[in-house]
Amino acid sequence: MVTFLSYDRNVISPQMVLPEASLEDSYNNKNIGFGFPIFSFGGSMELMAVPKRKTSPHKRGIRNGPKALKPTPVIVRCRGCGRVKLPHFYCCSGDRGNNAEVKMKFGKEYKKQKVAEWTEAYMDYNGLEHILRNMRAYKQNKHPAMNRTLSGFIGQPEEGTEFEVTFFRKLDEEFYKANNFYKDKVKGMMDEANQLNKQMESLIALRIRVDKRSVKGSNLNRHNQQEQSQSSGTREKVKVGEVLEHVKINNDPQSPISTTIKGTLKGSKVEDLSYSKGSLRRAEQQLRVAFIEFYHKLYLLKQYSYMNLLAFSKIMKKYEKISSRKASKLYMEVVDNSVLGNSDELIDLLERVETTFIKNFSKSNRSEGMKSLRPKQRRENHTVTFFSGRNQCDEVFFSGCTVALLVAIALKIELHNLPTKEEGVQYLQSIFPLYSVFLYAVLHLLMYATNIYFWRRYKINYPFIFGFKRGTELEYRDVYLLSTGLAVLASSAFLANLHLDMDPNTQKLKEVTQLVPLALVTLVLLLIFCPLNILYRASRFFFIRCLFRCILAPLYPVTFSDFFLADQLTSQCIRRLIEGRDKMNGYNALTYLSTIIAVVFRTIYELRKESMTWMVFALISSAVATLVNIYWDIVFDWGLLRRHSKNIYLRDKLIVSHKIVYVLAMVLDILLRVAWMQLVLAFNLHSTHRMGITTTVFSLEIIRRGIWNFFRLENEHLNNVGKYRAFRSLPLPFAYSDDQKEQKDE
């Protein structure tokens, strides 16, 4: 039973409305009162609980007091490094207590976070730490009870202060080096930002002009209103005619026709501006890529500033601990007031780039825009982990399958005694070359996976050198998965071919056996050219594009990835000679010409085995080609055998710390080059042995090329480090007549 106790006795309480009843009757009743319900256990209606007593304004104010806005933020100093920071914000490891991350040495993390091409511009943390170690060792050995109540940078002259003088002298040198480098880079970024801003104004004006032309016959006033509502405030102020008056389009050759025919006829890389949608689309794509690259530059420069500031605070903290002198606070004030310590201008530029990119290239979708701007981190692929194994202790699925298939092939050949029969030898000579191509491809991939592992280990920036899109580069496990997968496919096809040919029960399927190699080739080509987003589509298309440009080398400009792939097959030196006018490319072409001459003489000797004259020519040409190629590999491609270098007969800078590695690489290159000459001397061997020797020599040549690839890329990386070249130089879509006049005047 439910009753209501009303506050006002003159007001009639409302009727109780059941859930299935209509609410209109209750709304029609104008005499509404407020009461507290009293429920009995037999009631069917439940009401929510109400507070036991009213909260006073004083108590409510006390509760909401911390939520009030403060006129100025509370600023405190870090207990670890003495820098100014907000409360409850992480500054350095001094505020973290016994966290596991603090236990990790800062030197390793500092080395890990460095931009590889800017290594020499960073503060030499290890060198300063070495001076502090010597200082501590000196104090422990000479003065175990030294007074530890000194204050200031360096107090009264005393024994052992030469270490402190050396420390601060080197610290100042490192600070000026890092500060000047950062200052120059920020200045360059500001100039590039102004250039991109000018390009963006031209793009917006071109969009307006193209949109006006595309709506002929429609209501232009309405279209202009919609365009202005979608544009920014700067677009409304821009006068299209004035902006596009002195603008031209840069002709970036993207096809054989534009590279050869148009380039030959016009002779200029600048064309008049075209108001077509195709030109607008190309300009948008080029400028979009330029903004992404520029944002990546700003991101790395900001990281450079942060890591150097953290390194200075860490090293000063170590100095205070060893010398017992309070110098960290004073020195860090100098660092914070410098250009290196003030990154507000850079942060503001980052925000402006984000706003411009999101508004103009991602349709004001911030999440999509930031996905394109921010560096992408590759995630661990569990498919790769399962099939190829995460470490040496794991069971490797595809590798085990490959080994099992190879054992089955060997047992099958031995069971039918193919090497001892004349028919079996002829059969192997006809079928083995069909599948040996896949063997060489698998070996190439294995060497490439090994190179990726060591490139990553020694911090060689191979994605930047090859020009991979960030986030699409393959790890060594990915390449290992591809190589073992291809090995399983080829081994399975080879075993199936042997079974169909040798089994008496399958003699009726002789025609089918001839289709097995064709089916294998077709399957591999389908996987390579598959347009679906499976099996590393970005990497597959990058490989196809490079291979296509290698085939049409005279019609395309050559990039590093193109001629690096071409060097595995032939070379593109002549094309690079025409483009860059570098004589060294011409000399490199002569080395390949000597190899071609040697192959020609060897082929003639193959046809005329009885002639000793052609054998002598083949030996002499092969020896000359071998010596020339050895010299070019070691001296020019690897940059070794420098007479006046710090490392005897190597080079000044070495990424691998053990010098014996370079010596062994040179010896292996010589031995494997000489092994190539064995093909000339092995003509009178048995056909089976000759096939085995040929396969072995080809495999050794692939291994030699894998070794060459590592040191060739190391040399290219050191060239980038010497020039602080960490970014690509991308073409911009628009050119200006004023800039061209200034260049001509200069």
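**Exercise 1. Which helix is the place of Thr356? Work out its surroundings too.**

Before we start, some ground rules: this is a predicted model, where local features need pLDDT of at least 70, side-chain atom pairs count only at pLDDT 80 or more, and totals for chains, interfaces and linings use all residues. Residues are numbered from 1 along each chain as its sequence is written, and side-chain values use heavy atoms, with hydrogens and water left out.

Step 1. Thr356 sits in helix H13, residues 344-361. Helices here are DSSP runs of H or I with at least four residues, strands are E runs of at least two, and both are numbered from the N terminus.

Step 2. Check exposure: Thr356 counts as partly exposed because its relative accessibility is 25% (buried means under 20% relative accessible area, exposed over 50%, partly exposed in between, with a 1.4 Å probe and protein chains only).

Step 3. List the partners. Not counting residues up to four places away in sequence, Thr356 touches Met200, Phe291 and Phe361, where contact means heavy atoms within 4.5 Å. Phe291 is 65 residues from Thr356 along the chain, with 9.2 Å between the C-alpha atoms.

Step 4. Look at the side chain: that of Thr356 reaches the backbone oxygen of Arg352 at 2.9 Å.

**Exercise 2. Describe how H13 packs with H14.**

Step 1. Pick the descriptors: two packed helices are described by the angle between their axes and the distance between the axes.

Step 2. Get the values. The axes of H13 and helix H14 (residues 366-373) come within 9 Å and cross at roughly 120 degrees. Axes are lines fitted to C-alpha atoms, for helices over the stretch in contact, and angles run from 0 to 180 degrees between N-to-C directions.

Step 3. Classify: H13 and H14 are therefore oblique to each other (under 35 degrees is roughly parallel, over 145 roughly antiparallel, 65 to 115 roughly perpendicular, and the rest oblique).

Step 4. Name the residues. H13 brings Glu354, Phe357 and Ile358, while H14 brings Arg366, Gly369, Met370, Ser372 and Leu373.

**Exercise 3. Do the packing analysis for H11 and H12.**

Step 1. Helix H11 (residues 277-323) and helix H12 (residues 328-336) have axes that come within 10 Å and cross at roughly 160 degrees.

Step 2. That angle makes H11 roughly antiparallel to H12.

Step 3. Now the interface: Leu309, Phe312, Ser313, Met316 and Glu320 of H11 meet Ser328, Lys329, Tyr331, Met332 and Val335 of H12.

**Exercise 4. Buried or exposed: where do Lys297 and Asn720 fall?**

Step 1. Lys297, found in H11, is buried, with a relative accessible area of 11%.

Step 2. Its side chain makes a polar contact of 3.1 Å with that of Glu192 (a pair of N or O atoms within 3.5 Å; within protein, one must be able to donate a hydrogen and the other to accept it, and residues adjacent in sequence count only if both atoms are side-chain atoms). Leaving aside neighbours within four places in sequence, Lys297 is in contact with Met189, Glu192, Phe727 and Arg728.

Step 3. Over in helix H29 (residues 687-722), Asn720 is buried as well, with a relative accessible area of 4%.

Step 4. The side chains of Asn720 and Arg725 are joined by a polar contact of 2.5 Å.
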